[in-house]
Amino acid sequence: MPKSAGYVSPQYLKMIAEIVRTFKVSTYDLMNIKKGDTVLDIGCGPGVDTIHLASYVGSDGKVFGVDIDEEMIELANKEADDKNVADIVQHKSGSLEKLPFENNSINACRAERLFQVIPSSVDRTPLFSELYRVMQPQGRVVIVDTDWATASVDFSDVATERTLMSFLAQKMRPDGFAGRSLKRFLIASGFNIVKLDAVTLVHRGLDETAFGEWLTSTALENNIITTTQAKNWLDELTEKSRNGNFYASVGSVIVVAEK
Ligand SMILES: C[S@@+](CC[C@H](N)C(=O)[O-])C[C@H]1O[C@@H](n2cnc3c(N)ncnc32)[C@H](O)[C@@H]1O
């Protein structure tokens, strides 16, 4: 199985998971999980959510994680072993294009930051239909994704900041605006919307963000900014991180829906 188009390393996903853990827990609560349920996390990465969901389903339940990246699956299954929840939590390699589950077999499902790594050119209709297929009637899905148009960084040169944020959203993410279309695709595939919300996640240091070297070097390669702009950006934001003055934020859309 291939790596995803918008590949991010398991280490980065683990670091971000701990920074946004309170937010993640609020999305688990929205899944309405009961003891004994069968729960699915699509695009589970290295198991940053599945392990936490074990206590929600209890020893009579099952948590499945699916990811197209076999390295993520190996790490996730190792984590389940290490945390002694492997009898409840199992990770399988697979894709949202064809989920390895029977029709109507899943009580509750989540997918966080999955759609932003699936190129916007890929037709969403069969993907959301596949999600609908595996859900039990009244089964609940919680989909979370970023709208990178909301990214904001406190930087002295606003024009450069806007240029970089726009470049990141439009060119560096396979679907940088994934969050805004979730509701529409869920409705079109037959789900009923239960809740629609958006939260702003705040970052307190450059290291926590996607706005460091990765962004400036890609922008330089694409002639979006000059070397002076790139240097000024990294110098100022590194200094702000060091002295506690760093501020950046990005908005996430949360849609809760039922079959
Ligand atoms: C940005 S990561 C998010 C991981 C995790 N949900 C989290 O919150 O940290 C997106 C994950 O989706 C996986 N992925 C990409 N396309 C997929 C697909 N079509 N089906 C299943 N997983 C996919 C990637 O391999 C990656 O692990």
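## Exercises: helices, sheet and cores

The axes of α8 and helix α9 (residues 227–242) come within 10 Å and cross at roughly 175 degrees. The model is predicted: local features need pLDDT of at least 70, side-chain atom pairs count only at pLDDT 80 or more, and totals for chains, interfaces and linings use all residues. Residues are numbered from 1 along each chain as its sequence is written. Helices (H or I, at least four residues) and strands (E, at least two) are DSSP runs numbered from the N terminus.

### Helix pairs

**Task.** Classify the directions of α8 and α9, then name the residues that meet.

**Solution.**
- Start with the angle of roughly 175 degrees. Axes are lines fitted to C-alpha atoms, for helices over the stretch in contact, and angles run from 0 to 180 degrees between N-to-C directions.
- Apply the classes: under 35 degrees is roughly parallel, over 145 roughly antiparallel, 65 to 115 roughly perpendicular, and the rest oblique. α8 and α9 are therefore roughly antiparallel.
- Now list the contacts (C-beta atoms, placed from the backbone, within 7 Å). Thr216, Ala219 and Leu220 of α8 meet Thr227, Ala230, Trp233 and Leu234 of α9.
- Sort the residues of this contact: 5 are nonpolar, 2 polar and none charged. Here Ala, Val, Leu, Ile, Met, Phe, Trp, Tyr, Cys and Pro are nonpolar, Asp, Glu, Lys and Arg are charged, and the others, Gly among them, are polar.

**Task.** Do the same for α6 and α8.

**Solution.**
- Helix α6 (residues 158–172) and helix α8 (residues 213–221) pack at about 85 degrees, with axes 11 Å apart.
- α6 and α8 are therefore roughly perpendicular.
- α6 supplies Leu164, Phe167, Leu168 and Met172, while α8 supplies Leu215, Thr218 and Ala219.
- This contact of α6 with α8 has 6 nonpolar residues, 1 polar and no charged.

### The sheet

**Task.** Which strands stand at the edges of the sheet?

**Solution.**
- Write down the order: the open sheet of 7 strands runs β3-β2-β1-β4-β5-β7-β6, with mixed pairing.
- Look for strands with a single partner. β3 (89–93) and β6 (192–203) are at the edges, so one side of each has no neighbour in the sheet.
- The twist averages 20 degrees from one strand to the next.
- One helix that packs on the sheet is α5 (residues 125–134). Helix α5 touches β4 (106–112) and β5 (135–153), and its direction makes about 145 degrees with that of β5.

**Task.** Is each of these pairings parallel or antiparallel: β1 with β4, β4 with β5, β6 with β7?

**Solution.**
- Strands pair if DSSP finds at least two bridges between them.
- β1 (residues 38–42) and β4 are parallel over 3 bridges. In this pair, Asp41 stands opposite Arg110.
- β4 and β5 are parallel over 6 bridges. Here Ala108 faces Arg140 of β5.
- β6 and β7 (residues 248–258) are antiparallel over 11 bridges. Asp197 stands opposite Ile254 in β7.

### Buried or exposed

**Task.** Sort β4, Ile16, Ser120, Asn104 and Gln138 as buried, partly exposed or exposed.

**Solution.**
- Count other C-beta atoms (placed from the backbone) within 10 Å: 20 or more is buried, 12 or fewer exposed, in between partly exposed.
- In β4, 7 of the 7 residues are buried, so the rest of the structure largely encloses this strand.
- Ile16 lies in helix α1 (residues 10–19). Ile16 has 20 other C-beta atoms within 10 Å, so it is buried.
- Ser120 is in the loop between β4 and α5. Its 15 C-beta neighbours make Ser120 partly exposed.
- Asn104 sits in the loop between β3 and β4. With 13 C-beta neighbours, Asn104 is partly exposed. Its phi is positive, about 55 degrees, although Asn104 is not a glycine.
- Gln138 belongs to strand β5. With 10 C-beta neighbours, Gln138 is exposed. Its phi is also positive, near 70 degrees.

### The cores

**Task.** How many residues has the largest nonpolar core, and which have the most contacts inside it?

**Solution.**
- A nonpolar core is a set of buried Ala, Val, Leu, Ile, Met, Phe, Trp, Tyr and Cys residues joined through C-beta atoms within 7 Å.
- The largest core has 49 residues. Val39, Ala54, Val63, Cys109, Leu131, Val141 and Val255 have the most contacts inside it.
- Take Ala54. Leaving aside neighbours within four places in sequence, Ala54 contacts Val63, Val85, Ile88 and Val89.
- Apart from this core lies another, of 17 residues, including Ala151, Phe211, Leu215 and Trp233.

Note on methods: Contact = placed C-beta atoms within 7 Å.
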